[in-house]
Amino acid sequence: MEFPKKFDGFYFTPIIDPNDDGFNFKFFNLKEEKTTKDNDMFHVCFVKTGKDGRPEYDCDFEAILGDPTGYVMNLAGHGVYGCLLRKSKTSGKWFEDYLTNIKMKLYNKKLTKMLKSILEYKQDGDYNAKK
């Protein structure tokens, strides 16, 4: 698999085919600044597959990675995906916004599922509440 030599970050998601381990990569560059492409410090965010099969936030951290795509490829088959962003002067703000966004989206999906479940029970009359 060919990866670009210069990038500021990438998203990685699992390949859908059950017979194939690995990830789909989407590389990007931040337009606000020029990062030092030789910088090996990265912001890392992992999302995992929950017990119910739905995505849930796992963790975020900073790491020194000489081969970030190789690091991610070693995670294949472990049910994680997410984003890596090369650390720079302004990358912290972008990454914090990303974390807030991803956590809110995952929370909203969880809340929506819960509310749909409550409404289904209410419509079917399958609940133990006094009327």
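**Notebook: two pockets in a predicted model**

I began with the second largest pocket, for which I noted a volume of about 210 Å³, and I kept in mind throughout that the model is a predicted one. I then looked up which residues sit closest to the centre of the second largest pocket, and among the 13 that line it these are V47, Y81, Y98, I102 and K105.

Next I asked which elements build this lining, and I found that β1 (9-14), β5 (80-86) and α2 each supply at least two residues of it. The largest share of the lining of the second largest pocket, six residues, is contributed by α2. Sorting the same lining by class, I recorded eight nonpolar, three polar and two charged residues.

I turned after that to the largest pocket, whose volume I entered as about 280 Å³. Its lining is made up of D52, R54, P55, E56 and Y57, together with K103, L106, K109, K110 and K113. When I assigned these residues to elements, the ones that give two or more to the lining of the largest pocket were β4 (55-64) and α2 (91-124). Here too I looked for the main contributor, and α2 gives the largest share of the lining of the largest pocket, with five residues.

Which classes of residue make up the lining of the largest pocket? I counted seven charged and three nonpolar residues there, and no polar ones.

To close the entry, I wrote down that α2 provides the largest share of the lining in the largest pocket and likewise in the second largest pocket.

Note on methods. Residues numbered from 1 in each chain as written. Predicted model: local features only at pLDDT ≥ 70, side-chain atom pairs only at ≥ 80, totals over all residues. Heavy atoms only, no water. 1 Å grid on protein atoms, 1.4 Å probe; cavity = no way out; pocket = protein on both sides within 12 Å on 5 of 7 lines; lining within 4 Å. Points joined across faces, edges and corners; volume = space filled by probe spheres on them. Helix = DSSP H or I, 4+ residues; strand = E, 2+ residues; numbered from the N terminus. Nonpolar A, V, L, I, M, F, W, Y, C, P; charged D, E, K, R; others polar.
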